[in-house]
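Me: I am just starting out with protein structures and would like a close look at one single part. Please take me through it step by step, and explain the terms as you go.

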Amino acid sequence: MTIAQEKNPPVKLPNEPAITPQIVAEHGLAPDEYERLLKIMGRTPTMVELGIFSAMWSEHCSYKSSKVWLKKLPTKAPWVIQGPGENAGVIDIGDGQAAIFKMESHNHPSYIEPYQGAATGVGGIMRDVFTMGARPVANLNALRFGDPNHPKTRHLVSGVVAGIGGYGNCMGIPTVGGETNFHPAYNGNILVNAMTVGIAPADRIFYAAAAGVGNPLVYVGSKTGRDGIHGATMSSTEFNEDSESKRPTVQVGDPFVEKLLLEACLELMATDAIVAIQDMGAAGLTSSSFEMAAKGGLGVVVELDKVPMRETGMNPYELMLSESQERMLIVLKPGREELARKIFEKWELDFAVIGHLTDTERMVLSWHGDIVGNIPIPPLVTEAPMYERPWTLTSLPAELDAAKVPAPKDWNASLLTLMGSPDLASKSWIWKQYDHLIMGNTAIRPQDGDAALVRVPGGGHKGLAMTSDCTPRYVQAHPETGGRQAVAEAWRNITATGAKPLAVTDNMNFGNPQKPEIMGQFAGAIMGMSEACNALDFPVVSGNVSLYNETEGRPILPTPTIGAVGVIEDIATSVGSRLVKSGLALVLVGETKGWLGQSIYLRELHGREEGAPPPVDLAVERRNGDFVRGEIVGRRVAACHDLSDGGLLVSLAEMCLAGGTGATLKLPKGVAAPHAYLYGEDQGRYLIATDDGAALIAAATKAGVPAVQLGYSGGTSVVVEGLLDLPLDDLRAAHEAWLPTYMNSAA
Amino acid sequence: MKAAVLVFPGSNREGDVAQAIELVTGRRPAMVWHGDGDFDKVDLIVVPGGFSYGDYLRCGAMAAQSPVMAEVKKRAAQGVPVLGICNGFQIVTEAGLLPGTLMRNSHLKFVCSDVHLKVETSQSLFTNRYQAGQVIKVPVAHAEGNYFADADTLKRLEDRGQIAFRYCTPDGAIEAAGNPNGSINNIAGIFNETKTVLGLMPHPENAVEPMFGGTDGKGLFEGMVEALS
């Protein structure tokens, strides 16, 4: 195709409908957005052009409501190789290796079709990571479901978990960590946030920016079908009662093909054939081809009739907007087509040269020789709608007076209730459905530590710690505190294994940004996160925004999920939270005031979600954490667990259950309200088991860190002198039984 | 010991077993692509875990028909030892090298967890490093590990000492509490009649290092090295 031809206006296809205001509205474009389109195009668009604008300017692809706020997050550090803006973030982990990771939501599809929605969420995030040249080494997921008593919840849990397992297990990537919460605010809009971490040589990272006029544009992977058309647009609107009729927009995954695609891509990446590579995720061929050309400052010709098709009779509109899974777009160096073709044919995958790069800065789409779309690329990016939506911050609720919260009448019953409550109960029913051991590198398994710990393949003794965290009830009560806390807790969880926290990926799940109070939640959470990331040298390197998480006007709890990664130089120095032997001193590090506002104790035992969330003092957080990490890698710690949901007593119970050893605590003198001391959720605290309590406390004192010895490990019960004496077997029964009992009971 | 590890499209634990073999022998096994009808002479053929051909149709059914399996059957008949783990067990069963079949787990879910196994015999090239009756801890990770054979086959397997491993409780009791998938007679692994083919669902290759699942699986690889070097 010559440049002269490229300037021709597109032809209309047979049966192509006229563009009406209704069709524009159905594409999710506001009237003023359509005006912008007309100004850019200088004419009425064709259907495929309208579809492309609709996808590229959707909230999902354009970040039009969130961009102004995301810019406030710190993204740089000496160890950051690539921050936000690529398929995933990249950090230097030493020895010439890089960790590549990102977390992404698949909320709406998972609610509509839980198995496929969750499965393709996992498939998509893995592609984001191996597109950049990394072999994935671990998956995590953060799940939020509605009230367990809601009629749909059981079905959603079952489908989502099976979908995540079905995809990750087949790919052979261990799913090593995550979190699962239940709250009625997610009844009509669950959250499925999936994270993948991969490892690549630091000098062999692959990017999306196209280069080289004339270079071939190559399509590999699965054929394109009609699934997922308009997925990006669907993710950018609120739900209503018709939502379930949107099932055809949910994609169907094939993890077997993705496994082949992974191996084929890594094999091709070991050659010098690739100029740029991009997976086809949301908005499929549209966003991938568009982003590659835009990032390279080039134009592109796509011959749509050459795209491998699964069905007959597909048209350009469907091909450009399909979200069929397991596909990649590659720009090859000239003359490398045959080398690449052989690799993909060996893996029995489709391979097709579907176009080439130009210097026109236009996206030209051809269909059997006719031009059917012709869009200038730069203005679609520079003139894209960007909104500074009005926002109202949530004011800080009054502090709850702990003295006015009743103490438990029966202490044993209180701990049993908490350990068997939906948020704190064991999630082994879930993670046993995930292969968390494949690759043979899993050092800290689910429930055995605050973060998962995985040996770095080819990295000697190095380990990667990873976690995902957010406490949505804190964010709801006060977004700034909640944002700060989510980052601090992720940092603390990495620290509690002995690893050094390095960087963050964020998955911002919020309601409708057109409501000032929701936009205020977003703004507040970003402010808090930004402060914490700065204070803890914990930059954000990748992320994803999911807005419009509302059903019939009811928003979810604001949920900025933080995925984090850290490194430990010698994995043998790491610790988990398992209390495996008797006679260890139990030392509480950090200050305990007994903060019951927004605590699990208050909610589960008194049915109240009230008060201000616990404040996070970032300087204290850092001081305490740096001290704890030093003690761990100095091999003076036998086990360590951070204190979060449920406070001291819940953390102790978890340590005892994980290691199969009991413990006895004695409260320090002068504790006015034992229930606030034991169940309060003050931040910046760790419970440490050590052979030498006195030495640890002396070191803490020297570092200016509050530390107090509370007791010893030993026996077969959890004991708090004068208050509580609970056999581990009873505790384990309550902790392990809730989820399987719930899942096996009839709806 | 010279070993070959087969690789099918969708295999995913070939790296784990290769790593375990290398740890014990100091030597990387040959990785053999499914399309290769012929490969170098080896002392041991390993059919690894994974989802060969996506486990579409029926686990192991398509891999059993691949060119490389025709060669494996030929060599097994000549007495070359074959070890099938997880999907590999399913494949060698589908290929007719071992009797019986592996059905969907009785609870219908994928299960990844440590399990305890009772070693039924030390009289094989695979299990000579263990004591008969010894309890070892290794993980499983599968959705179709529910072993079944008809009554006659089962009686023959039992009578001829062809049961290699059974699921058990931590203290060695063969009962439902220790059985992760509903396998008949708690069977976790079986031999062929000559005990030169072993198929098992659990993953000894993921229990060879103290920090990464313990070392109870290492004996299997050490035993093979002793018998085959």
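Where in chain B is R104(B) found?

Reply: Happy to help! R104(B) is found in the loop between strand β5 (101–103) and strand β6 of chain B. Helices (H or I, at least four residues) and strands (E, at least two) are DSSP runs, numbered from the N terminus.

A word on reading the picture comes next. This is a predicted model, in which local features need pLDDT of at least 70 and side-chain atom pairs count only at pLDDT 80 or more, while totals for chains, interfaces and linings use all residues. Residues are numbered from 1 along each chain as its sequence is written, and chains are lettered from A and ligands numbered from 1 in the order in which they are written. Chain B averages a pLDDT (the predictor's confidence in each residue, from 0 to 100) of 97, and 100% of its residues score at least 70. For the complex, the predictor gives an ipTM of 0.97 and a pTM of 0.96.

Now back to your residue. R104(B) counts as partly exposed, because it has 15 C-beta neighbours inside 10 Å. The cut-offs are these: 20 or more other C-beta atoms within 10 Å make a residue buried, 12 or fewer make it exposed, and anything in between is partly exposed, with C-beta atoms placed from the backbone.

What does R104(B) touch, leaving aside residues up to four places away in sequence? The residues are A143(B), E144(B) and N146(B). Being in contact here means that the C-beta atoms of two residues, placed from the backbone, lie within 7 Å. V115(B), on the other hand, is eleven residues from R104(B) in sequence and 18 Å from it in space, C-alpha to C-alpha.

The strand β6 that follows the loop also leads us to the other chain. In all, 22 residues of chain B are in contact with 24 residues of chain A. On the side of chain B that touches chain A, β6 (111–119), β7 (135–142) and α1 (14–25) each supply at least two residues. That side is made up of nine nonpolar, nine polar and four charged residues. In this sorting, Ala, Val, Leu, Ile, Met, Phe, Trp, Tyr, Cys and Pro are nonpolar, Asp, Glu, Lys and Arg are charged, and the others, Gly among them, are polar.

For another part of chain B, look at strand β10 (residues 187–191), where five of its five residues are buried.
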